[in-house]
Amino acid sequence: MKPVNEFPSADGLWTGIRLAADAGVEAAIVVEQGAVRWVGARSALPAGFAGLAPHDGGGALVTPGLVDCHTHLVYGGQRANEFAMRLAGATYEEVAKAGGGIVSSVRATREADEDTLFAQASARLEQLLADGVCAIEIKSGYGLSLEHERKQLRVARRLGEAYGVTVRTTFLGAHALPPEYAGRSGEYIDLVCKEMLPALAAEGLVDAVDVFCERIAFSLAETEQVFKAAKALGLPVKLHAEQLSDMGGAALAARYGALSCDHIEHLSAEGIEAMRKSGTVAVLLPGAYYTLRDTHLPPIAALRAAGVPMAVSTDHNPGTSPALSLLLMVNMACTLFCLTVPEALDGVTVHAARALGLQDTHGAIAPGMPANFVLWNVREAAELAYWFGQQPVRAVVRQGRIAI
Ligand code: DI6
Ligand code: FE
């Protein structure tokens with residue numbers, strides 16, 4: 001990995017590029033001090049910019065930098081064995097009840113020191129970055145104690161600094177009940193709300209708060225307790241909602257002004273209406289749907305009709321979505337969830353940025369915003385969804401620097 005300060009500056013005039021929205025026309029982007037100064041058709045470029053340092057895009061298609069708005073990237077070990085168990089007939093819930101599942105990653109994460117977690121997560125992050133990711137959310141939730149959740153969040157922050165990529169950390173202390181609290185869910189949630197979250201927030205390690213609200217995880221009442229604690233600290237919330245069943249989590253999250261509700265395969269009409277009213281983003285996670293061989297589709301048509309913004313993310317995690325390509329998720333969002341190509345591309349840019357509260361700095365190429373954009377070796381935008389397993393990145397401008 002090259003030190004971030006050795007990435008060349010992207011300042012200057014980018015030509016020989018085409019914007020995804022209007023791929024037939026040559027475009028130009030002016031970058032000044034790491035921010036976009038001007039973007040538009042090359043024919044409309046103001047003369048004053050013509051003499052800036054040139055960057056030739058070689059005819060590439062350009063999109064905003066991708067945003068992966070839901071990942072559990074930092075954890076110890078991996079769980080290929082459970083994948084094999086499920087193929088042999090066990091369900092995800094059965095694997096979890098047999099002591100596997102999230103808790104097995106908790107064991108491996110607790111055993112690993114910070115440097116080990118950093119090295120393992122770095123390798124995964126590099127793969128996501130190679131696909132054009134410029135901002136990423138990283139959740140805790142495999143530590144489940146103050147010490148180990150802190151370790152995960154510190155690694156997430158370090159990854160951001162080391163790679164020059166925007167990292168938003170999400171505290172997911174309420175991801176699973178740690179084994180030492182078996183049968184004492186209420187006590188654990190108290191610990192999460194009264195000790196873990198306030199301490200980690202005070203250390204500047206928490207950008208948002210999430211809960212796994214599900215039969216195999218935490219109840220609606222427990223979820224609300226965590227939301228109250230987040231609100232008291234002024235932190236935004238998001239929710240793993242209605243993945244395996246309709247718990248009414250989305251409506252609750254919307255009442256707390258959630259940035260996003262994620263998974264939502266079993267989202268109800270009331271949930272959609274609540275999300276519409278609160279401006280909450282629906283985060284679709286086709287990698288988990290695919291890995292679990294789920295057949296219960298999220299209510300895409302109803303979300304679309306209601307105008308709820310839909311984001312698409314990897315949900316990278318060792319149990320249900322060992323996905324390391326956000327572009328592959330774009331393909332799956334189209335193929336499995338029937339998103340249109342523009343919907344899927346908005347889902348990994350503008351709407352994903354909004355799901356993280358990053359809409360002013362990511363997800364678009366616009367004057368005043370930091371320069372985050374990707375040059376792709378494709379003729380038309382639909383190719384970004386069409387090919388899978390291809391790596392069409394030609395160059396990535398991340399935070400005003402040419403990172404790839
Ligand atoms: N939902 C998921 O799909 C992941 N976490 C969650 O809350 C699964 C995490 C795992 O199995 O390790
Ligand atoms: Fe998740």
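Me: Accessible areas here come from the Shrake-Rupley method with a 1.4 Å probe. On that basis, what does the accessible surface of the chain come to?
Reply: About 15300 Å². Carbon and sulfur atoms hold 54% of that surface. Keep in mind that this is a predicted model.

Me: And how much of the chain is buried?
Reply: Of its 404 residues, 58% are buried.

Me: What is the radius of gyration, and what would a compact globule have?
Reply: The chain has 21 Å. A compact globule with 404 residues would be near 22 Å, so the two agree.

Me: Box dimensions? What do the C-alpha atoms fill along the principal axes?
Reply: Roughly 70 × 45 × 45 Å.

Me: How many helices and strands?
Reply: 15 helices and 15 strands.

Me: What share of the contacts links residues 24 or more positions apart?
Reply: 70%, counting contacts with a separation of 6 or more.

Me: Switching to the metal. Which residues coordinate the iron ion (ligand 2)?
Reply: Three histidines and an aspartate: H70, H72 and H240 through NE2, and D315 through OD. The distances run from 2.1 to 2.3 Å.

Me: How are those donors spaced along the chain?
Reply: The pattern is H-x1-H-x167-H-x74-D.

Me: Are H70 and H72 buried or exposed?
Reply: Both are buried.

Me: Why is the arrangement around the iron ion (ligand 2) irregular?
Reply: Because the four donor atoms subtend angles of 79 to 165 degrees. Tetrahedral would need all angles between 85 and 135 degrees. One caveat: water is not among the atoms, so sites may look incomplete.

Terms used:
Residues are numbered from 1 along each chain as its sequence is written. Chains are lettered from A and ligands numbered from 1 in the order in which they are written. This is a predicted model: local features need pLDDT of at least 70, side-chain atom pairs count only at pLDDT 80 or more; totals for chains, interfaces and linings use all residues. Side-chain values use heavy atoms; hydrogens and water are left out. Donors are N, O and S atoms within 2.8 Å of the metal (3.2 Å for Na, K and Ca); water is not among the atoms, so sites may look incomplete. Four donors count as tetrahedral if all angles lie between 85 and 135 degrees; four count as square planar and six as octahedral if opposite donors are over 155 degrees apart and all others between 65 and 115; anything else is irregular. Buried means under 20% relative accessible area, exposed over 50%, partly exposed in between (1.4 Å probe, protein chains only). Helices (H or I, at least four residues) and strands (E, at least two) are DSSP runs, numbered from the N terminus. The radius of gyration is taken over C-alpha atoms; the globule rule is 2.2 Å times the number of residues to the power 0.38. Contact means heavy atoms within 4.5 Å.
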